[in-house]
Amino acid sequence: TYLQGSILNLGDLKRARLGCAAAVFLLTCKSTPEEHMLEVDGEVILFTLSVRQYNPKVPVIVQVLLPTSQPAVYDVGATAVICVTVLRAQLLACACYCRGIQTLISNLVTSHKPPAKGAARWLVEYTYGARHQVYEVPEAVPAQLEGIPFRQFCLDVYQKGQLYVLGVRRSATA
């Protein structure tokens, strides 16, 4: 549902039913010119404060443009803060030791449509790979796969279901 209004307006917060929201995400425009980033982050701080005053218990996940804005956003009540410039720098650093990681992450968080008929073969193949999605599977690992090395686990899962394993999380009770 799309609602037009202001996060600083009490009536709009009520209309958006912020009092019973499961979470609030405050996103910035990633293409903001550098000379306006501080101003945009200042607005996000104000928006976070408005949300927090209206609903003190709702998780508030905030995106900021400058790393220097992160402490202020936490101070006004954000649950989590993601800084665009820090994220870009970390991704670039990862690319130094893991070639292709930027493309992989981009493909995992972006939706892709099938290419038009008659598209180049490389585009068809690339799009086929890029259309895969990431899921967390809450089921327990089958007993026959427990205790084997991770590499063998990944190979077995692929051979049996053509699934790629990115990681395995241990349960809190394990």
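Two salt bridges were counted in this predicted model. Each is described below with the accessibility of its partners.

The first joins Arg-15 to Asp-12, with the closest N and O atoms 3.1 Å apart. Both residues belong to helix H1, which covers residues 10-15. They are 3 residues apart, so about one helical turn separates them. The two partners fall into separate accessibility classes. Asp-12 counts as buried because its relative accessibility, 19%, is under the 20% limit. Arg-15 is partly exposed, with a relative accessible area of 42%.

The second salt bridge links Arg-121 and Glu-125. Here the closest N and O atoms lie 2.8 Å apart. Both residues sit in helix H6, 4 residues apart, or about one turn of the helix. Arg-121 has a relative accessible area of 66% and is therefore exposed, the cut-off being over 50%. Glu-125 is partly exposed, at 45%.

Helix H6 (121-130) also borders the loop that holds Val-134. This loop runs between H6 and helix H7 (150-161). Val-134 is partly exposed, with a relative accessible area of 44%. This residue contributes to a nonpolar surface patch of about 530 Å². The other members of the patch are Leu-104, Ile-105, Leu-108, Val-109 and Leu-166. Val-134 qualifies for such a patch because its 44% relative accessible area is over the 30% required.

The strands were examined next. Three strands form an open sheet in the order S1-S2-S3, with parallel pairing. Strand S1 (24-26) and strand S3 (80-83) stand at the edges. Each has a single partner strand, so one side of each lacks a neighbour in the sheet. Neighbouring strands are turned by 15 degrees against each other on average, direction ignored. Strands of a sheet pair through backbone hydrogen bonds, in either a parallel or an antiparallel sense. Strand S2 (residues 60-64) pairs with S3 in the parallel sense over 4 bridges. Within this pairing, Ile-61 has Ala-80 of S3 as its bridge partner.

Helices pack on this sheet. Helix H2 (residues 37-54) touches S1 and S2. The direction of H2 makes about 175 degrees with that of S2. Helix H4 (residues 84-97) also packs on the sheet, where H4 touches S2 and S3. The direction of H4 makes about 65 degrees with that of S3. Strand S2 is thus touched by H2 and by H4.

Notes. Residues are numbered from 1 along each chain as its sequence is written. This is a predicted model: local features need pLDDT of at least 70, side-chain atom pairs count only at pLDDT 80 or more; totals for chains, interfaces and linings use all residues. Side-chain values use heavy atoms; hydrogens and water are left out. Patches are made of residues with over 30% relative accessible area and no salt bridge: like charges are joined within 9 Å, nonpolar side chains (Val, Leu, Ile, Met, Phe, Trp, Tyr) within 5 Å. Accessible areas come from the Shrake-Rupley method with a 1.4 Å probe; for residues, only the protein chains shown count as cover. A salt bridge is a side-chain nitrogen of Lys or Arg within 4 Å of a carboxyl oxygen of Asp or Glu. Helices (H or I, at least four residues) and strands (E, at least two) are DSSP runs, numbered from the N terminus. Buried means under 20% relative accessible area, exposed over 50%, partly exposed in between (1.4 Å probe, protein chains only). Two strands pair if DSSP finds at least two bridges between them. Axes are lines fitted to C-alpha atoms, for helices over the stretch in contact, and angles run from 0 to 180 degrees between N-to-C directions. Contact means heavy atoms within 4.5 Å.
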